[in-house]
2 protein chains.
Amino acid sequence: MSLNFRVVLVEPLYQGNVGSVARAMKNFGFTDLAMVNPCPLEGEARAMSSHARDVLEGATITNRIEEAVAGANLLIGTTGITGSKFDEHIRIPAHVPRELKKHLEGYSGTIALLFGREDKGFTNDELRMMDMILTIPTSEIYPVMNMSHAVAVILYELSDVQAGETPFADPFDTKLLMEHITQVLDDIAYPAHKKEKTELMLKRIFGRARLIPREVQTLRGVLRRIQRNLDLNKKI
Amino acid sequence: MSLNFRVVLVEPLYQGNVGSVARAMKNFGFTDLAMVNPCPLEGEARAMSSHARDVLEGATITNRIEEAVAGANLLIGTTGITGSKFDEHIRIPAHVPRELKKHLEGYSGTIALLFGREDKGFTNDELRMMDMILTIPTSEIYPVMNMSHAVAVILYELSDVQAGETPFADPFDTKLLMEHITQVLDDIAYPAHKKEKTELMLKRIFGRARLIPREVQTLRGVLRRIQRNLDLNKKI
């Protein structure tokens, strides 16, 4: 049992960056690289990967994020600081790499570390998939880091994380839990304009809390009991 | 009073790397860049610096390391892991960035962070100038990091160091102390084959200990008294 980190690049635009990411990964002992619709990867990507050409050539390439993160227990999305108040609930709370490291101590499982496009980052739909949002603390004057530098900094921080025996909940069970929450929110006629934010808030709370399998089952038991009582009330 | 960090690139070979270093510096709020005999810096350096062109264009360019580190209280040299047992005393003990950060907490002064050539690193003469050696913990399989990644990782770690009021010894006084030690070693006919190693060991001990001004003066007082007593003994 241990922690496996997968670096997932979502639609990277510059092959030099992809090569540099592969090199930084190998520098810190990581090899699991996946890419969603990357730019063409040719000579420059190989040159920048230097002696990490094996990581570059061993990368999984997919069309959809869902495939790239298959089997991952937690999805961690890295974003720059955003000044936008709009859609703030999608981006906060954001955690710094040292917090993430502490969060993962003692656990065992697969963590997907996702990095967005060099120019536009992630779409809001993509950010909604994340269990945690990670931000590197940078200067307000120039917060936009080169993607491969961000990967290097995060992997440097995570390279000595102390894994343990505590398992993460199965990603499929967590998905069922979130669907169950949506059902219950519908059952209680939760206001539509609040629903998405509340669902996302719960997802992020669970992400931060690193649910273990038993907790997911107990939470689903609570939800089932709520639903049963709602039905009983209806029948009365 | 605060800590000022100066990034010093010694004979960088690739202008893209220099630009990337400038960007990483600005990302973490640093602007003091110096270079010793850099490669030509043209369009690619500017392109890679992105919005940190001001850092790149504001860099000090010198012919000698001594000029690039003028005024710095501590010289910290960054090296990759070396398997060589030869000249080991020049490279060890090496400290990791987190240790350096703890070392600097509470202090005030100018710290020069030096990075060597992309292909050959530092010469041994250059390494002898360093008060501390810094190494990023990397995978044994592929320990050689891209220079700008190394800068990014170290500045990330140092970006939230808690400075304080404790002053470092003046670099000129520290230089006099080291010369004084050399004199005393000569006075006591210290074996020539051990002399350089012992001098370097003392330099590194002092670097690690972060001498304050009063300590340098007290040490020189001890050395003076040793010399006086040696003279007395001679006269008897």
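Two strands count as paired here if DSSP finds at least two bridges between them. Keep that in mind for the strand view below; the model itself is predicted.

**View 1. Strand β4 of chain B, between two partners.**
Strand β4(B) covers residues 74-78. Five bridges join β4(B) to β6(B), residues 107-115, and the two run parallel. On another side of the story, three bridges tie β4(B) to β7(B), residues 132-134, and that pair runs parallel too. B:G77 is a handy residue to centre on: B:L114 of β6(B) stands opposite B:G77, and so does B:I133 of β7(B).

**View 2. The two faces of β4(B).**
In a regular strand, side chains alternate between the two faces of the sheet. In β4(B), B:L74, B:I76 and B:T78 point one way, while B:L75 and B:G77 point the other way. Is each of these residues buried or exposed? They are all buried. Since five of the five residues of β4(B) are buried, the strand is largely enclosed by the rest of the structure.

**View 3. Chains A and B, and how they meet.**
Turn chain A by 180°, with 0.0 Å of shift along the axis, and it superposes on chain B with an RMSD of 0.0 Å. That's the relation of a two-fold axis. The contact takes 25 residues from chain A and 25 residues from chain B. On the chain A side, α1 (15-27) and α8 (147-158) each supply at least two residues. Sorted by class, that side has 12 nonpolar, 10 polar and three charged residues. As for the match between the copies, 100% of the interface residues of chain A are also interface residues in chain B, so the copies meet through the same surface.

**View 4. B:H149 and its contacts in chain A.**
B:H149 sits in helix α8 of chain B, residues 147-158. Which residues does B:H149 contact, once its neighbours within four places in sequence are left aside? The list is A:A24, A:S148, A:H149 and A:A152. B:H149 has 28 other C-beta atoms within 10 Å, and the cut-off for buried is 20 or more, so B:H149 counts as buried. For a sense of scale, B:N124 is 25 residues from B:H149 along the chain, and their C-alpha atoms are separated by 23 Å.

**View 5. Helices α9 and α10 of chain A.**
Two packed helices are described by the angle between their axes and the distance between the axes. For α9(A), residues 171-187, and α10(A), residues 192-209, the axes come within 11 Å and cross at roughly 145°. The crossing is right-handed. From α9(A), the residues at the contact are A:M178, A:I181, A:T182 and A:L185; they meet A:K195, A:T198, A:E199, A:L202 and A:K203 from α10(A). By class, this contact has four nonpolar, two polar and three charged residues.

**View 6. Positive phi in two loops of chain A.**
A:N37 has a phi near 40°, a positive value in a residue other than glycine. Its home is the loop between β2 (32-36) and α2 (43-49) of chain A. A:N37 has 15 C-beta neighbours inside 10 Å, so it counts as partly exposed. A:S50 isn't a glycine either, yet its phi is positive at about 55°. Look for A:S50 in the loop between α2 and α3 (53-57) of chain A. With 18 C-beta neighbours inside 10 Å, A:S50 is partly exposed as well.

Note on methods:
Residues numbered from 1 in each chain as written. Chains lettered and ligands numbered in written order. Predicted model: local features only at pLDDT ≥ 70, side-chain atom pairs only at ≥ 80, totals over all residues. Least-squares fit on C-alpha atoms with pLDDT ≥ 70 in both. Contact = placed C-beta atoms within 7 Å. Buried ≥ 20, exposed ≤ 12 C-beta atoms within 10 Å, placed from the backbone. Helix = DSSP H or I, 4+ residues; strand = E, 2+ residues; numbered from the N terminus. Axes fitted to C-alpha atoms, helices over the stretch in contact; angles between N-to-C directions. Left-handed = near helix turned anticlockwise from the far one by under 90°. Nonpolar A, V, L, I, M, F, W, Y, C, P; charged D, E, K, R; others polar.
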